[in-house]
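Got the viewer open? Let's take a short walk through this one, picking a few selections as we go.

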Amino acid sequence: MTDANATGGAKGPDELRRQIERTRTALGNTVEELAGKADVKGRARARAADLRDKAGAMTVQLRSTAAQAGHTVQDRAAHAGPRPVRTVVQAGMRHPKPVLVAGAAGAVVAVGVLRWRHAHGH
């Protein structure tokens, strides 16, 4: 017997061919895995697509939640508070853009004041 047979080597030409084929297959799989890991652009594209999908789903969910909250606030505001407040709220619901612009302007002013206070140690 040869040393190859004693150490688990091929027992004949057919067995040697099968071992070579298994080794080639395993090597091919390993090369494909390494190529996939080395494909930074492809992985980045896949990650970006995944994040776009998640962001889209989150946007739909947030819009739905905001719409529900808006309807709840609208219902409560329409039926609560003194008459002048209800009139203002109802006008804001009929014309939401000015209310949104005023709210955004208020937020910008608030952020500016906070930054100024932080910068000046107040």
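Start by selecting Gly-121: in this predicted model, the glycine sits just after helix H5 and has a positive phi of about 70°.

Now step back into H5 itself by selecting residues 96-119. Those 24 residues span 34 Å from the first C-alpha to the last, close to the 34 Å expected at 1.5 Å a residue.

Next, switch to side chains and go hunting for salt bridges; there are 5 in the structure.

Select Asp-14 and Arg-17 and show their side chains. You'll find a salt bridge there, with N to O at 3.1 Å. Both belong to helix H2 (residues 13-38), and because they are 3 residues apart, about one helical turn lies between them. Arg-17 is exposed, at 54% relative accessible area.

Stay put and add Glu-15 and Arg-22. Their closest N and O atoms are 3.5 Å apart, making another salt bridge. Are these two buried or partly exposed? Arg-22 is partly exposed at 48% relative accessible area, and Glu-15 is also partly exposed, at 25%. Bring in Arg-18 as well, and you have a linked network of salt bridges: Glu-15, Arg-18 and Arg-22.

For the last stop, move to helix H3 (residues 40-79) and select Asp-50 and Lys-54. Their side chains meet in a salt bridge at 3.6 Å, N to O. Here the partners are 4 residues apart, so they too are separated by about one helical turn. Turn on a surface and check both: Lys-54 counts as partly exposed at 48% relative accessibility, and Asp-50 does as well, at 31%.

Terms used: Residues numbered from 1 in each chain as written. Predicted model: local features only at pLDDT ≥ 70, side-chain atom pairs only at ≥ 80, totals over all residues. Heavy atoms only, no water. Helix = DSSP H or I, 4+ residues; strand = E, 2+ residues; numbered from the N terminus. Expected span 1.5 Å × (residues − 1). Salt bridge = Lys/Arg side-chain N within 4 Å of Asp/Glu carboxyl O. Buried < 20%, exposed > 50% of the residue type's maximum accessible area, 1.4 Å probe, protein only.
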